[in-house]
Amino acid sequence: VAPADFAFKDLESLHVKGDKERGMELVQTHCIACHGLKTQGFPDPLPPSEAALAYGVVPPDLSTVGVLYDANYLAAFLKDPLKASELSHKFNEAKPYPMPSYNWMSEQEIADMLAYFSSIAPQELLGKEAFKDACGRCHSMKYDALRAQTPNAQMMAYLGAEAPDVSMMIRSKKEPYLQTFINQPLKMIEGVAMPRVGLKEEAQKSIITYMEHVGDRKKAERETVGYYLIGFMVIFTLFAYLWKVKIWKEVE
């Protein structure tokens, strides 16, 4: 995950140890009015259609953020979500970002919230489930029957562009492009509406592997055929060389 120039960049350098019990109190006080926390008994406050109308995009359930997102990114996002997501070109005072800034919180309180998120997160979240939680609020994956939680009309009003279906994105953009685009979208496309996501490296790899499975199911088969072809060419070249040696030996 490429580092960004955030004020709250390195948790370890602050020597702050998070208290998950205090973090639970803070999350329940400040977050569940807008976000679900289903694994802890807090359903989404609004159904997806109403949440999209209210906020522009369906707010994420927070049950898995501790396993999906880089801790430094989460800390930066809580402090200044607009800067962390790199969407300052899309939002301003006239069109405020729906996630409020918690820059009034202390580093200790931020660390407490992160400790709580980490404590309730699953050990790992792979493939389709990781995609649904990290990407599925905006993007569809029609070749695997996944529909974006946020309707296109709300996405258009929210970011000024519809979020594309990404079923074939791995074929059109390839893995190296996506690895950069997910966490540094503005580096790839100037003025793009895609926010910086801030995934952990493991989560990002899992999501891209899933996209590859859906959009490029024949990759393994192609690679296997490629190995067979290379082997055939090596053997053919060897026989051709031996045949040439034999012919020229007879000529001499």
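How far is the sulfur of cysteine 31 from the closest cysteine sulfur, and in which residue does that closest sulfur lie?

**Figure 1. Cysteines 31 and 135 in the predicted model, each shown with the closest cysteine sulfur.** The sulfur of cysteine 31 lies 8.6 Å from that of cysteine 34, which is its closest cysteine sulfur, and this is too far for a bond. Cysteine 31 itself counts as buried, at 7% relative accessibility. A comparable view is given for cysteine 135, whose closest cysteine sulfur, in cysteine 138, is 8.8 Å away and likewise too far for a bond; cysteine 135 counts as buried at 16% relative accessibility. Because a disulfide requires a pair of cysteine sulfur atoms within 2.5 Å, neither of these distances, 8.6 Å for cysteine 31 and 8.8 Å for cysteine 135, qualifies. By this rule the count of disulfides in the model comes to zero.

**Figure 2. Salt bridges that involve helix 7 and the loop that follows it.** Side chains of opposite charge can pair when their charged atoms come close. Aspartate 144 forms a salt bridge with lysine 128, with 3.6 Å between the closest N and O atoms. Lysine 128 belongs to helix 7 (127–134), whereas aspartate 144 lies in the loop between helix 7 and helix 8 (152–159), so the pair ties together parts that are 16 residues apart in sequence. Within helix 7, lysine 132 and glutamate 129 are three residues apart, about one turn of the helix, and their side chains meet in a salt bridge with an N to O distance of 3.7 Å. Partners in these pairs include lysine 128, which is partly exposed with a relative accessible area of 32%, as well as lysine 132, partly exposed at 31%, and glutamate 129, partly exposed at 38%.

**Figure 3. The salt bridge between aspartate 44 and lysine 38.** The closest N and O atoms of this pair are 3.5 Å apart, and aspartate 44 is partly exposed, with a relative accessible area of 30%. The structure as a whole holds five salt bridges, among them this one.

**Figure 4. Histidine 139 and its surroundings in the loop between helix 7 and helix 8.** Histidine 139 is buried, with a relative accessible area of 15%, and its side chain reaches the backbone oxygen of proline 164 at 2.8 Å. Leaving aside residues up to four places away in sequence, histidine 139 touches Phe131, Ala148, Ala163, Pro164, Val166 and Met194, so that proline 164 appears both as the partner in the 2.8 Å approach and among the residues touched, by the contact limit of 4.5 Å between heavy atoms.

**Figure 5. Tyrosine 97 in the loop between helix 5 and helix 6.** The loop that holds tyrosine 97 runs between helix 5 (81–84) and helix 6 (107–120), and the residue is buried, with a relative accessible area of 17%. Residues up to four places away in sequence being left out, tyrosine 97 touches Phe77, Pro81, Leu82, Ser85, Leu87, Phe91 and Tyr158. Tyrosine 55, although 42 residues away from tyrosine 97 in sequence, is 8.9 Å from it in space, C-alpha to C-alpha.

**Figure 6. A nonpolar surface patch that includes tyrosine 241.** The patch, of about 620 Å², is made by Ile235, Leu238, Phe239, Tyr241, Leu242 and Val245. Tyrosine 241 has its place in helix 12, which spans residues 219–251.

Terms used:
Residues are numbered from 1 along each chain as its sequence is written. This is a predicted model: local features need pLDDT of at least 70, side-chain atom pairs count only at pLDDT 80 or more; totals for chains, interfaces and linings use all residues. Side-chain values use heavy atoms; hydrogens and water are left out. Patches are made of residues with over 30% relative accessible area and no salt bridge: like charges are joined within 9 Å, nonpolar side chains (Val, Leu, Ile, Met, Phe, Trp, Tyr) within 5 Å. Accessible areas come from the Shrake-Rupley method with a 1.4 Å probe; for residues, only the protein chains shown count as cover. A salt bridge is a side-chain nitrogen of Lys or Arg within 4 Å of a carboxyl oxygen of Asp or Glu. Helices (H or I, at least four residues) and strands (E, at least two) are DSSP runs, numbered from the N terminus. Buried means under 20% relative accessible area, exposed over 50%, partly exposed in between (1.4 Å probe, protein chains only). A polar contact is a pair of N or O atoms within 3.5 Å; within protein, one must be able to donate a hydrogen and the other to accept it, and residues adjacent in sequence count only if both atoms are side-chain atoms.
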